[in-house]
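Visitor: I would like a close look at a single part of this protein, explained slowly and step by step. Please choose a good place to start and lead me through it.

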Amino acid sequence: MMRTNNWIPTVFNDLFYNDFMPKANCTAPAINVKENDKAYIVELAAPGMKKEDFNVHINDEGNLVVKLESKQEKKEEDKSTRYLRREFSYSKYEQTLILPDDVKKDAISAKVEHGVLTVELPKLVEEKVKVARQITIG
């Protein structure tokens, strides 16, 4: 038989989640990485975000950096009661991805569609060198 002490979680909740230390509610967007013969494709789920909320770039070390920052303020005013309500929302996320050596960095593209940021990382095309040649006899 297992006994639980119900007072232990309450003590920790009172200690950590109070006015001085509010509970953080943060989640990171889900990321998918796919590969085909021509490219790597990175998908980042960010419902409700617009393309202006994203910043995608290559840093000095040659890594892909995806930043997401969104600020929203909603105001609702009821004329009959003179009540004003404001809701603030702020989201910030940053992810750095180390790119494989076979990515053509100057051809990377990104788009936002239906709440998903899609970054296409084209692969370098290796030219096959022909080994057939005429050998002169000396």
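Guide: Let us begin with one term: two strands are said to pair if DSSP finds at least two bridges between them. Please keep in mind that what you see is a predicted model. The part I have picked is an open sheet of four strands, in the order E1-E2-E7-E6, with antiparallel pairing. Because E1 and E6 stand at the edges and have a single partner strand each, one side of each is left without a neighbour in the sheet. On average, and ignoring direction, neighbouring strands of this sheet are turned by 15 degrees against each other. As general background, strands of a sheet pair through backbone hydrogen bonds, and the pairing can be parallel or antiparallel.

Before we go along the sheet, here is where it belongs. The protein has one helix and seven strands, and along the sequence they follow the pattern α-β-β-β-β-β-β-β.

Now let us cross the sheet from one edge to the other. Strand E1 covers residues 31–35, and five bridges join it to E2 in an antiparallel pairing. One place to see this is Glu-35, which stands opposite Tyr-40 in E2. E1 and E2 form a hairpin, with three residues between them. While you are at Tyr-40, look at its ring: the charged end of Lys-123 sits over it, 4.8 Å from the ring centre. If you go looking for pairs of aromatic rings, with centres within 6.5 Å, the count comes to zero.

The next strand is E2, residues 39–45, which is joined to E7 by seven bridges and runs antiparallel to it. Two positions let you follow this pairing by eye: Ile-41 stands opposite Glu-120 in E7, and Glu-43 stands opposite Thr-118 in E7. Six of the seven residues of E2 are buried, so this strand is largely enclosed by the rest of the structure.

Strand E7, residues 116–122, is mostly covered too, with five of its seven residues buried. Let us pause at Thr-118, which has its place in E7. Buried means under 20% relative accessible area, and Thr-118 counts as buried because its relative accessibility is 19%. Leaving aside neighbours within four places in sequence, Thr-118 is in contact with Ile-41, Val-42 and Glu-43, and also with Ser-109, Ala-110 and Lys-111. Among these partners, Ile-41 and Glu-43 are the E2 residues we have just met in the pairing with E7.

That brings us to the other edge. Strand E6 spans residues 109–113, and five bridges join it to E7, again in an antiparallel pairing. Here the bridge partner of Glu-113 is Val-116 in E7. E6 and E7 make a hairpin with two residues between the strands, and in this hairpin His-114 takes a positive phi near 55 degrees.

To finish, let us see how the sheet connects with what is packed against it. The largest nonpolar core has 16 residues, and Leu-44, Phe-54, Leu-64 and Leu-121 are the ones that touch the most other members. Two strands of our sheet, E2 and E7, each supply at least two residues of this core, as do strand E4 (64–78) and strand E5 (83–97). Leu-64 shows one such link: outside its neighbours within four places in sequence, its contacts include Val-119 and Leu-121, along with Val-56, Ile-58 and Leu-97.

For a view beyond the core, try Lys-67, which is found in strand E4. Lys-67 has a relative accessible area of 32%, so it is partly exposed. Leaving out neighbours within four places in sequence, Lys-67 is in contact with residues including Phe-54, His-57 and Tyr-93. Lys-67 and His-57 are ten residues apart in sequence, with 8.7 Å from C-alpha to C-alpha.

Two values for the protein round off our tour. Buried residues make up 21% of its 138 residues. Among contacts with a separation of 6 or more, 44% are between residues 24 or more positions apart.

Notes. Residues are numbered from 1 along each chain as its sequence is written. This is a predicted model: local features need pLDDT of at least 70, side-chain atom pairs count only at pLDDT 80 or more; totals for chains, interfaces and linings use all residues. Side-chain values use heavy atoms; hydrogens and water are left out. Buried means under 20% relative accessible area, exposed over 50%, partly exposed in between (1.4 Å probe, protein chains only). Rings of Phe, Tyr and Trp (its six-membered ring) pair if their centres lie within 6.5 Å; planes under 30 degrees apart count as stacked, over 60 as edge-to-face and the rest as tilted. A charge sits over a ring if NZ of Lys or CZ of Arg is within 6 Å of the ring centre and within 35 degrees of the ring normal. Contact means heavy atoms within 4.5 Å. Axes are lines fitted to C-alpha atoms, for helices over the stretch in contact, and angles run from 0 to 180 degrees between N-to-C directions. A nonpolar core is a set of buried Ala, Val, Leu, Ile, Met, Phe, Trp, Tyr and Cys residues joined through side-chain atoms within 4.5 Å.
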